[in-house]
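Here's a quick briefing to read with the model open. We'll start with the ligand and then tour a handful of residues.

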Amino acid sequence: MQKLKQEKTLVLVKPDGVKRGLIGEIVGRIERRGLKVVALKMVQVGRPHLEEHFPKSDEWVGRLGDKGLSTFADYKLDPKEHLGTDDRMQIGKKVKESLFEYMTSGPIVAMVVQGMHSIDMVRKLAGHTLPFKADMGTLRGDFSVDSPAVANVEGRAIHNIMHASETPEEAANEINLWFKPEEIHEYKRAEEDVMF
Ligand code: ADP
């Protein structure tokens, strides 16, 4: 049980979240839920760092392409007209490129969040990846409005203010990439004796 209580996840306030002054709101909602921030810093990253952060596989690029294509289909837009291709890998590469531009467009606030089911809890606080689908009351639902249909046509990534790890494996790899062990701290939050 101790392991579940101390689960760690990586949270990023993306450049649009930082520029919009949402660092405090995001940290505040995480803390309010009873989760503990155990590492925190602001960094400007470059492409090599992002190559490590995002999956390297063609499968991931293809998945990004499929998501883009399904958005074009949903809104009856012609990918060839807007992107010059309807090939899933080509579109995936374009989305990946725009994602790298977005993530290097300003500083990012990175943090490690620890607590009971922290991976699922933070994903829930963040809300759906696509802001227009995110429920009200979630961070993305309350503070963002972007749509992939518009983003893809404009050749940019979806601006969705934050990132949070999705699985325990992803969390372990991402924490290891963004933080040195000595940057991650241990302390007890006052509520721990009462909440669980
Ligand atoms: P998540 O951030 O929820 O883990 P993904 O791993 O699928 O989602 O995507 C990574 C990031 O890429 C998203 O947070 C978003 O900023 C951007 N993105 C995802 N899909 C698209 C798309 N179809 N068009 C533009 N940007 C996208």
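Helices and strands here are DSSP runs, numbered from the N terminus, with at least four residues for a helix and at least two for a strand. By that scheme, His 117 falls in the loop between strand E3 (108-114) and helix H8 (118-126). Keep in mind that this is a predicted model. The ligand sits in the largest pocket, with 14 residues around it.

**The ligand and its shell**

- Of the residues surrounding the ligand, the closest are Lys 14, Lys 67, Thr 129, Asn 152 and Asn 160.
- Sorted by class, the shell comes out as five nonpolar, four polar and five charged residues.
- Two helices, H5 (58-74) and H7 (88-103), each put at least two residues into that shell.
- What does Lys 67 do at the ligand? One of its polar side-chain atoms lies 2.3 Å from a ligand oxygen atom.
- Arg 123 also points a polar side-chain atom at a ligand oxygen atom, at a distance of 3.2 Å.
- With Asn 152, the partner is a nitrogen atom of the ligand, 2.7 Å from a polar side-chain atom of the residue.
- How much of the ligand's own accessible area does the protein cover? The figure is 95% of the 540 Å² that the ligand has on its own.

**Residues in the two shell-supplying helices**

- Gly 65 belongs to helix H5, and its relative accessible area is 0%, so it counts as buried.
- Gly 65 and Val 122 are 57 residues apart in sequence, and their C-alpha atoms are 26 Å apart in space.
- Over in helix H7 you'll find Ser 98, which is buried because its relative accessibility is 7%, under the 20% cut-off.
- Ser 98 and Ala 157 are 59 residues apart along the chain, yet their C-alpha atoms are separated by 5.1 Å.

**Asp 146 and its contacts**

- Where is Asp 146? Look in the loop between helix H9 (139-143) and helix H10 (148-154).
- Loop or not, Asp 146 counts as buried, because its relative accessibility is 11%.
- Its side chain makes a polar contact with the side chain of Arg 156, at 2.7 Å.
- The Asp 146 side chain also reaches a backbone atom, namely the nitrogen of His 159, at 2.9 Å.

**Positive phi in two loops**

- As background, most residues other than glycine have a negative phi.
- Lys 76 has a positive phi of about 50°, although it is not a glycine.
- You'll see Lys 76 in the loop between H5 and helix H6 (79-83).
- Is Lys 76 buried or exposed? At 76% relative accessibility it counts as exposed, because the cut-off for that class is over 50%.
- His 117 has a positive phi too, near 50°, and is likewise a residue other than glycine.
- Its relative accessibility is 36%, so His 117 counts as partly exposed.

**Two more buried residues**

- Asp 16 is in helix H2 (residues 15-19), and its relative accessibility of 11% is why it counts as buried.
- How far apart in space are Asp 16 and Tyr 102? Their C-alpha atoms are 8.4 Å apart, with the two positions 86 residues apart in sequence numbering.
- His 163 lies in strand E4 (residues 162-164), and a relative accessible area of 13% makes it buried.
- From His 163 to Leu 139 the C-alpha to C-alpha distance is 11 Å, and the pair are 24 residues apart in sequence.

Technical notes
Residues are numbered from 1 along each chain as its sequence is written. This is a predicted model: local features need pLDDT of at least 70, side-chain atom pairs count only at pLDDT 80 or more; totals for chains, interfaces and linings use all residues. Side-chain values use heavy atoms; hydrogens and water are left out. A residue is near a molecule or strand if one of its heavy atoms lies within 4 Å of it. A polar contact is a pair of N or O atoms within 3.5 Å; within protein, one must be able to donate a hydrogen and the other to accept it, and residues adjacent in sequence count only if both atoms are side-chain atoms. Accessible areas come from the Shrake-Rupley method with a 1.4 Å probe; for residues, only the protein chains shown count as cover. On a 1 Å grid over the protein atoms alone, a cavity is a set of points where a 1.4 Å probe fits but cannot get out, and a pocket is an open set with protein on both sides within 12 Å along at least five of seven lines; lining residues have an atom within 4 Å of a point. A molecule sits in a cavity or pocket if more than half of its atoms lie within 2 Å of its grid points. Ala, Val, Leu, Ile, Met, Phe, Trp, Tyr, Cys and Pro count as nonpolar, Asp, Glu, Lys and Arg as charged, and the others, Gly among them, as polar. Buried means under 20% relative accessible area, exposed over 50%, partly exposed in between (1.4 Å probe, protein chains only).
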